[in-house]
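Take a walk through this complex. The route starts in a loop, crosses an interface and ends in a core.

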Amino acid sequence: MAVKKKKDLRLDHKVIGDMVDRGSMVLDMGCGEGDLLEYLVRNKGVKGSGVEINEDAIYMCVEKGLSVSHGDIDSGLADYPDKLFDYIIFNQTMQQVKKPRLAITEALRIGKKVIIGFPNFCHINARMQFFFMGHVPVTTNLPYEWYDTPNLHFLSVKDFERFSRKEGITVEKRVFISRDRLVGFMPNLLASDAIFQISK
Amino acid sequence: METTDAQIMVAETKFYSTPPGEDFLLESGLTLKDLRIAYETYGKLNAERSNAVLLCHALSGDAHAAGYHKGDKKPGWWDPMVGPGKAFDTDKYYVICSNIIGGCKGSSGPNSINPSNGKPYGLSFPIVSVGDMVNAQKKLIEFLGIERLLCVSGGSMGGMQALDWAVRYPDIVESCIPVATTYKHSAQQIAFNEVGRQAIMADPAWNSGDYYGGEIPSRGLSVARMVGHITYMSSESMDQKFGRMIKEEKLGYGFTTEFEVEGYLRYRGDSFVKRFDANSYLYITKAMDHFDLQKDGKLYDVFKASRSRFLVITFSSDWLYPPVQLKEVVKALKMNGIDVTYCEISSNYGHDAFLLEFEVESKLIKFFLEKTFQKAGR
């Protein structure tokens with residue numbers, strides 16, 4: 001899934017890299033093969049670790065010299081003490097968590113700030129498919145058919161903003177992306193992905 | 001150690017003894033005179049003495065972790081993991097493995113000679129603990145001129161020693177790789193060991209441990225080993241290997257060995273008797289049962305002083321040392337903010353997986369060690 005799978009720098013990685021302070025402690029929830037963590041270690045000197053459910057991805061992380069823990073995000077957060085990390089990152093993983101509200105609450109407990117990157121379900125391409133074609137959207141960003149998607153929750157930029165207000169969460173930074181460009185105008189319609197930095 | 005052109009590592013067991021008359025203090029408060037430790041080393045200690053790796057063996061293992069003894073056809077117990085270019089790369093690291101005290105492969109144990117009367121100790125050998133095994137290894141590494149260990153690793157009871165090292169000597173252990181083990185023996189783990197011990201002690205030849213020079217309690221020790229082997233395999237791996245296969249054309253009407261699995265267990269039991277001492281089996285299983293890092297406290301507090309990096313490995317089908325036990329260790333480490341990597345390797349082999357899943361274990365250990373070596377500033 002995720003933004004764009006290409007060997008060179010992914011825009012979402014760069015955006016997250018710009019949010020993270022140099023030398024900070026970072027936990028990447030659902031770190032996959034560790035590409036983002038490796039980027040952050042190399043370019044921002046972070047002390048990073050990850051949690052990942054896929055065994056083969058663990059081997060890739062260890063090969064990159066990363067510390068990673070085999071497990072799922074929902075139960076993995078409870079293993080850490082309060083405010084151990086400067087940043088907890090969920091990049092393209094929040095939509096796959098069983099209980100996102102609990103996960104975000106827990107992340108705000110163990111981390112000072114939380115960075116969440118997710119595909120915007122109300123992007124114009126998705127809306128068009130809904131409206132004109134009458135089926136659940138399958139886009140570059142949301143490439144899965146309904147019957148084999150790992151995504152459990154579908155949210156938009158607006159949904160996340162509303163959730164944050166309701167929960168008393170401070171949105172510190174928000175960056176919107178469409179493919180490989182930043183989006184400044186009407187993000188709920190034009191952004192394929194959103195990256196929020198929040199705190200409480 | 002030398003490497004021949006065919007990349008076959010020739011290994012040799014060496015011995016270290018404490019100076020005559022020196023007492024080795026045990027956790028029980030008792031002492032052991034003339035402590036002797038059998039050990040092997042592979043690779044070279046670097047000038048900074050910063051590349052030493054200690055491997056700890058399991059219940060029936062020995063100091064012969066890798067390479068071939070002259071004339072032998074079988075290599076050491078972790079040979080696919082130890083050698084030039086392997087996970088424990090002997091081109092980079094100085095790898096040490098020693099026989100535990102209480103063992104029967106060259107280190108002081110119930111079958112060694114009691115200096116006070118010139119006879120084998122038998123049951124007069126003092127009870128030893130996992131901590132005593134670790135302290136004996138510490139004597140050895142001091143003798144080898146090593147102040148810090150880049151890594152301590154082992155599977156099963158070897159993993160208990162590795163964990164004990166990290167807790168007991170946090171400033172010496174750079175990294176710790178416990179594999180398929182636990183921080184304390186559970187009731188079930190104690191129960192299986194007790195069946196093995198009872199089998200040995202029920203054998204009349206055991207004679208209260210006084211059998212050296214006479215008939216050995218081979219029936220009892222063999223049954224103990226058979227029970228052990230059942231716990232080392234998973235139900236799936238047993239079904240795959242034996243199923244209900246029978247040795248003859250059809251089932252008979254008696255109690256001979258009919259099923260392949262029976263034959264396998266008997267073979268395993270019989271071959272074990274030839275290479276292992278029954279009293280050692282009693283002492284070592286007791287040490288495992290007594291092992292409890294947590295004691296009455298919180299596991300979190302146990303690792304408070306730890307300075308090591310950890311790579312914790314479990315196997316999905318290991319029901320003797322189920323992943324849940326080491327997961328508790330991983331949680332305690334995380335709560336202490338300690339650098340830990342955890343992987344539950346999916347495998348059908350049960351507990352035996354730590355001696356069989358070399359390829360995946362190597363993938364983790366090789367890179368973890370490289371990173372540790374890099375961090376330690378080679």
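**From loop to core**

A:K83 sits in chain A, in the loop between α4 (73-76) and β4 (85-91). The model is predicted. In it, the phi of A:K83 is near 50°, a positive value in a residue other than glycine. Is A:K83 buried or exposed? A:K83 is exposed, because its count is 12 other C-beta atoms within 10 Å, and 12 or fewer is the cut-off for that class.

A second residue of chain A has a positive phi. A:R179 is not a glycine, yet its phi is about 50°. Its place is the loop of chain A between β6 (170-178) and β7 (181-183). A:R179 counts as exposed, since 12 C-beta neighbours lie inside 10 Å.

Now turn to a helix. A:V62 belongs to helix α3 of chain A, which covers residues 55-63. Is A:V62 buried or exposed? A:V62 is buried, because 23 other C-beta atoms lie within 10 Å and the cut-off for a buried residue is 20 or more. Which residues does A:V62 touch, leaving aside those up to four places away in sequence? One is A:V68. The others belong to chain B: B:T341, B:L364, B:F367 and B:F368. A further distance helps to place A:V62. Its C-alpha atom is separated by 9.0 Å from that of A:E33, and the two residues are 29 apart along the chain.

The contacts of A:V62 lead to the interface. Here 14 residues of chain A are in contact with 18 residues of chain B. On the chain A side, the elements that give two or more residues are α3 and β3 (67-70). Which of the elements gives the most? α3(A) does, with five residues. By type, the chain A side divides into seven nonpolar, four polar and three charged residues. For the complex, the predictor gives an ipTM of 0.92 and a pTM of 0.95.

Cross over to chain B. Its average pLDDT is 95, and 98% of its residues score at least 70. Chain B holds ten helices and 16 strands. Along its principal axes, the C-alpha trace spans about 70 × 55 × 50 Å. How does the radius of gyration of chain B fit that of a compact globule, and what is its value? Chain B has 21 Å, which agrees with the value near 21 Å for a compact globule of 378 residues. Buried residues make up 50% of the chain. Contacts also reach across the sequence. Of those in chain B between residues at least 6 apart, 71% join residues at least 24 apart.

Chain B divides into domains. Its domain assignment gives domain 1 (2-184 + 293-375) and domain 2 (189-288). The centres of the two domains of chain B, taken over C-alpha atoms, are separated by 25 Å. How many residues of these domains are in contact? In chain B, 26 residues of domain 1 are in contact with 21 residues of domain 2. On the domain 1 side of that boundary, 14 residues are nonpolar, eleven are polar and one is charged.

Nonpolar side chains tend to be buried together in soluble globular proteins. Look for such a cluster here. The largest nonpolar core has 160 residues. Among its members, B:V53, B:V95, B:L149 and B:V152 touch the most other members. Where does this core lie with respect to domain 1 and domain 2 of chain B? The core lies between them, because both domains give residues to it.

Take B:V152 as one entry point. Beyond residues up to four places away in sequence, B:V152 touches B:L54, B:C56, B:A162, B:W165, B:A166, B:V173 and B:C176.

A last stop is B:R168. B:R168 is found in helix α2 of chain B, residues 157-168. With 17 other C-beta atoms within 10 Å, B:R168 is partly exposed. B:R168 touches B:G131 and B:V134, not counting residues up to four places away in sequence. The C-alpha atoms of B:R168 and B:K334 are separated by 19 Å, and the residues are 166 apart along the chain.

How values were computed
Residues numbered from 1 in each chain as written. Chains lettered and ligands numbered in written order. Predicted model: local features only at pLDDT ≥ 70, side-chain atom pairs only at ≥ 80, totals over all residues. Helix = DSSP H or I, 4+ residues; strand = E, 2+ residues; numbered from the N terminus. Contact = placed C-beta atoms within 7 Å. pLDDT = per-residue confidence, 0-100. Domains from an automatic or database assignment. Nonpolar A, V, L, I, M, F, W, Y, C, P; charged D, E, K, R; others polar. Rg over C-alpha atoms; globule rule 2.2 N^0.38 Å. Core = buried A, V, L, I, M, F, W, Y, C linked by C-beta atoms within 7 Å.
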